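User: Please pick one part of this model and take me through it slowly, as if we were both leaning over the same screen. I'd like one connected story rather than a list of numbers.

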Amino acid sequence: MTVTHPPEDPVLPKDPAYPRDAAYPRDAAYPEDPACPKDPSKDPALPDRRPPTLAHVAQLAGVSPATASRVLNGSARVSRTARLQVEAAVERLGYVRRRTGPPDRVSSGTIAAVVCEDGCRAIGDPYFARLLWGVRRELAGRAPLVVLMAGRAEEWRATTGYLRGGQAEGVLLVGARRAHLAPLVQAAAGAPVVLAGRPLEEVALPYVDVDNFGGAQAAVRHLLASGRRRIGTIAGPADMGAGVDRLAGYRLAVQEAGMGVNGLVCQGDFGRLSGERAMRRLLERRPDLDAVLAASDQMAVGALSALRRAGRRVPDDVAVVGFDDAPVARQVRPRLTTVQQPAEDLGARLARELRACTGGRPAGERAVVLRTKLIIRESG
């Protein structure tokens, strides 16, 4: 994977000690998917130097071409086992289905931004609003933008149906989890796809991300420098690159300081309630902890609530650091120390990369990583 850092963007300097491709360290709590090898290019089951076909997918999945076709068409007349086998084969092969349909059907030139979250939650999360504003800013006057949600079953059906209709000139996938990727890429039916965030599997798709690993590492180093020695973390989802990478950055920084993490790691879902629950569990396991890094500001706000109810003072007893620099970080008391990620710039760069792909540039394996910045306030 080649990570490209154009000079005009606020991207990271090259550092051989920081793996900014798909080779981030994995945690034992994040098991490998046996259906997806680490290096698909070396899999003997893959065709050599030929674009994979539906027949290759069917052969690798151990099903008939008709069954593979029904899976890719979203038919309900296939078993769950067959569907999973076909989706795994698609991901291993990097198979992208060509668009089909009536010859007079043409793309509308629309860019589709697919947010892989429940619509209610996505609308209420400032991160998505800021990212989509950046996309809209970049596309203004160039292409219409359609925003699709894919969290609930009915949203998923509507979104995949729209993509299969072939009206989107290009597709942005935002917040895609491991299981979302192959079905949505197939639904796009050959339209260029750019990912917001590093995919957990090695797929030949361009992506734009922020420095989740380095941002978490910087936050822990800040806490260590302020004298904290028992630092916990509320990690993000294990099936999202941001969750995995922020946890990996935390672990490396703690290990570099010669400290352990026994009982100091809990997982949330980036939401406020999950942060509150995780903070309570951390206090039960390690009542002696003196700092916590939450993988999102929303979870950090939940952690503040749990600490307040437990009678712990912030930052006197427990320091709290979030990740995002969302508006809520400046609204809570004490104001939240957090890792700032440039959500609007991320959205604009996603749109720019997708425009380049729709303009004829080969998509390939292109990665862009934007800088993060530690914002120090009163909470830690």
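Analyst: Let's start at Phe270, which counts as buried because its relative accessibility is 15%, below the 20% cut-off. Keep in mind that this is a predicted model. Phe270 also has a phi near 80 degrees, a positive value in a residue that isn't a glycine. You'll find Phe270 in the loop that runs between β8 and α10 (272-285). That loop is a handy way in, with a sheet strand on one side of it and a helix on the other, so let's follow both.

Take the strand first. The open sheet that β8 belongs to has six strands, in the order β8-β7-β9-β10-β11-β13, and its pairing is mixed. β8 (265-267) and β13 (373-375) sit at the edges with a single partner strand each, so one side of each has no neighbour in the sheet. Going from one strand to the next, the twist averages 20 degrees.

Now move inward to β9 and β10. Strand β9 (residues 291-294) and strand β10 (residues 319-324) run parallel and are joined by three bridges. If you want a place to fix your eye, Leu293 stands opposite Val321 in β10. Packed on this sheet is helix α11 (residues 297-309), which touches β7 (231-235), β9, β10 and β11 (337-340). The direction of α11 makes about 160 degrees with that of β10.

β10 has an oddity of its own. Asp324, which is found in this strand, has a positive phi of about 145 degrees although it is not a glycine. Is Asp324 buried or exposed? Asp324 counts as buried, because its relative accessibility is 10% and the cut-off is 20%. So Phe270 and Asp324 each give you a non-glycine residue with positive phi, and each counts as buried.

The loops around here hold a couple of cis peptide bonds too. Between α11 and β10, the loop contains Pro315, and the bond from Val314 to Pro315 is cis, with omega near 10 degrees. Further along, Pro334 lies in the loop between α12 (328-331) and β11. The bond from Arg333 to Pro334 is cis as well, with omega near -5 degrees.

Back to our starting loop, and out the other side into α10. Two packed helices are described by the angle between their axes and the distance between those axes. For α10 and α11, the axes are 6 Å apart and the angle is about 45 degrees. That angle is why α10 and α11 count as oblique to each other. The crossing of α10 over α11 is right-handed. On the α10 side, the contact uses Arg272, Ser274, Gly275, Glu276, Met279, Arg280 and Leu283. Their counterparts in α11 are Gln298, Met299, Val301, Gly302, Ala303, Ser305, Ala306, Leu307 and Arg309. Sorted by class, this contact has seven nonpolar, five polar and four charged residues.

It's worth setting another helix pair beside that one. Helix α5 (residues 126-139) and helix α13 (residues 343-358) have axes that come within 6 Å and cross at roughly 45 degrees. α5 and α13 are therefore oblique to each other too, and their crossing is right-handed. From α5 the contact takes in residues including Tyr127, Trp133 and Leu139, while α13 brings in, among them, Leu346, Leu350 and Arg355. The make-up of the α5 and α13 contact is ten nonpolar, two polar and seven charged residues.

While you're on α13, look at Ala356, which belongs to that helix. Ala356 counts as partly exposed because its relative accessible area is 28%. Ala356 and Pro192 are 164 residues apart in sequence, yet their C-alpha atoms are 9.7 Å apart in space.

Pro192 takes us to strand β5 (residues 193-196), where Val193 and Leu195 point one way, Val194 and Ala196 point the other way, and all are buried. β5 runs parallel to strand β4 (residues 168-174), and four bridges join them. Ala196 of β5 is the bridge partner of Val174.

To zoom out for a moment, the chain has 13 helices and 13 strands, and 55% of its 380 residues count as buried.

Key:
Residues numbered from 1 in each chain as written. Predicted model: local features only at pLDDT ≥ 70, side-chain atom pairs only at ≥ 80, totals over all residues. Heavy atoms only, no water. Axes fitted to C-alpha atoms, helices over the stretch in contact; angles between N-to-C directions. Helix = DSSP H or I, 4+ residues; strand = E, 2+ residues; numbered from the N terminus. Parallel < 35°, antiparallel > 145°, perpendicular 65-115°, else oblique. Left-handed = near helix turned anticlockwise from the far one by under 90°. Contact = heavy atoms within 4.5 Å. Nonpolar A, V, L, I, M, F, W, Y, C, P; charged D, E, K, R; others polar. Buried < 20%, exposed > 50% of the residue type's maximum accessible area, 1.4 Å probe, protein only. Pairing = 2+ DSSP bridges.
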